[in-house]
Amino acid sequence: MNIGEAAAISGVSAKLIRYYESLGIVPKAGRSDTGYRIYKESDVHILSFVKKARSLGFSMKEIKKLVSLWRNKSRASSEVKNLAQIHIKQLESKIHELQMMTNTLKHLSNNCQGDHRPDCPILEGLSKK
């Protein structure tokens, strides 16, 4: 199939397919006699895998490793689990940071009168070191 068909089936844009190919995440596509990329069903399966991994917040480096592990049938599942657990810790850290930011903004917002006066605890809070 051509790149447009692979994009439609996998839900990954043609531009991203070429990008993933340049990173080595997706194998280099074969070429037709006229030079167009030709993709196999297995390539589309990898693209769908990558799309799902991206939706879970994995980085491109992590996805490259996951694809490599997925394709390696002799791999230990402990490698995959370890990668997932590291990612979970990163996500939990980000969640904690976002909760702290939300709490700070709520506190500043609750202390702002929001009226015609120039006093603004939000701006004062942002200006503190």
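Arg 117 is partly exposed, because its relative accessibility of 41% falls between the 20% and 50% cut-offs. Its salt-bridge partner is Asp 115, and the closest N and O atoms of the two sit 2.9 Å apart in this predicted model. Asp 115 also counts as partly exposed, at 35% relative accessibility.

How many salt bridges are there by this rule? The count comes to three. As a reminder of the general idea, side chains of opposite charge can pair when their charged atoms come close. Here they are side by side:

| Salt bridge | Closest N to O distance | Citation |
|---|---|---|
| Arg 117 and Asp 115 | 2.9 Å | |
| Arg 37 and Glu 21 | 3.4 Å | |
| Glu 79 and Lys 65 | 3.8 Å | |

Let's take the other two pairs in turn. The side chains of Arg 37 and Glu 21 meet at 3.4 Å, N to O. Arg 37 belongs to strand β2 (residues 37-38) and Glu 21 to helix α2 (residues 14-23), so this salt bridge ties together parts of the chain that are 16 residues apart in sequence. Is Glu 21 buried or exposed? With a relative accessible area of 5%, Glu 21 is buried, because that value is under 20%. Arg 37, on the other hand, has a relative accessible area of 23% and is partly exposed.

Then there is Glu 79 with Lys 65, whose closest N and O atoms are 3.8 Å apart. This pair links distant parts of the chain, with Glu 79 in helix α5 and Lys 65 in helix α4 (residues 60-71), 14 residues apart. Both ends are partly exposed: Glu 79 has 36% relative accessibility, and Lys 65 has a relative accessible area of 41%.

Helix α5 (residues 77-110) also holds His 87. At 6% relative accessibility, His 87 counts as buried. What does His 87 touch, leaving out residues up to four places away in sequence? The list is Leu 56, Gly 57, Phe 58 and Glu 62.

Now for the helix packing. Helix α3 (residues 41-55) is a good place to start, with α1 as its first partner here. The axes of α1 (residues 3-10) and α3 come within 9 Å and cross at roughly 45°. An angle of that size makes α1 oblique to α3, and the crossing is right-handed. On the α1 side, the residues involved are Ala 6, Ile 9 and Ser 10, and they meet Val 44, Leu 47, Ser 48 and Lys 51 in α3. Sorted by class, the residues of this contact are four nonpolar, two polar and one charged.

The pairing of α3 with α4 comes next. Their axes are 10 Å apart, and the two helices pack at an angle of about 135°. Why is this pair oblique? The angle lies outside the ranges for roughly parallel, roughly perpendicular and roughly antiparallel, the last of which starts over 145 degrees, so α3 and α4 are oblique to each other. Their crossing is right-handed. From α3, the contact draws on His 45, Ile 46, Phe 49, Val 50, Ala 53 and Arg 54. From α4 come Met 60, Ile 63, Leu 66, Val 67, Trp 70 and Arg 71. By class, that gives nine nonpolar, one polar and two charged residues.

Technical notes
Residues are numbered from 1 along each chain as its sequence is written. This is a predicted model: local features need pLDDT of at least 70, side-chain atom pairs count only at pLDDT 80 or more; totals for chains, interfaces and linings use all residues. Side-chain values use heavy atoms; hydrogens and water are left out. Axes are lines fitted to C-alpha atoms, for helices over the stretch in contact, and angles run from 0 to 180 degrees between N-to-C directions. Helices (H or I, at least four residues) and strands (E, at least two) are DSSP runs, numbered from the N terminus. Angles under 35 degrees count as roughly parallel, over 145 as roughly antiparallel, 65 to 115 as roughly perpendicular and the rest as oblique. A crossing is left-handed if the near helix is turned anticlockwise from the far one by less than a right angle, and right-handed if clockwise. Contact means heavy atoms within 4.5 Å. Ala, Val, Leu, Ile, Met, Phe, Trp, Tyr, Cys and Pro count as nonpolar, Asp, Glu, Lys and Arg as charged, and the others, Gly among them, as polar. Buried means under 20% relative accessible area, exposed over 50%, partly exposed in between (1.4 Å probe, protein chains only). A salt bridge is a side-chain nitrogen of Lys or Arg within 4 Å of a carboxyl oxygen of Asp or Glu.
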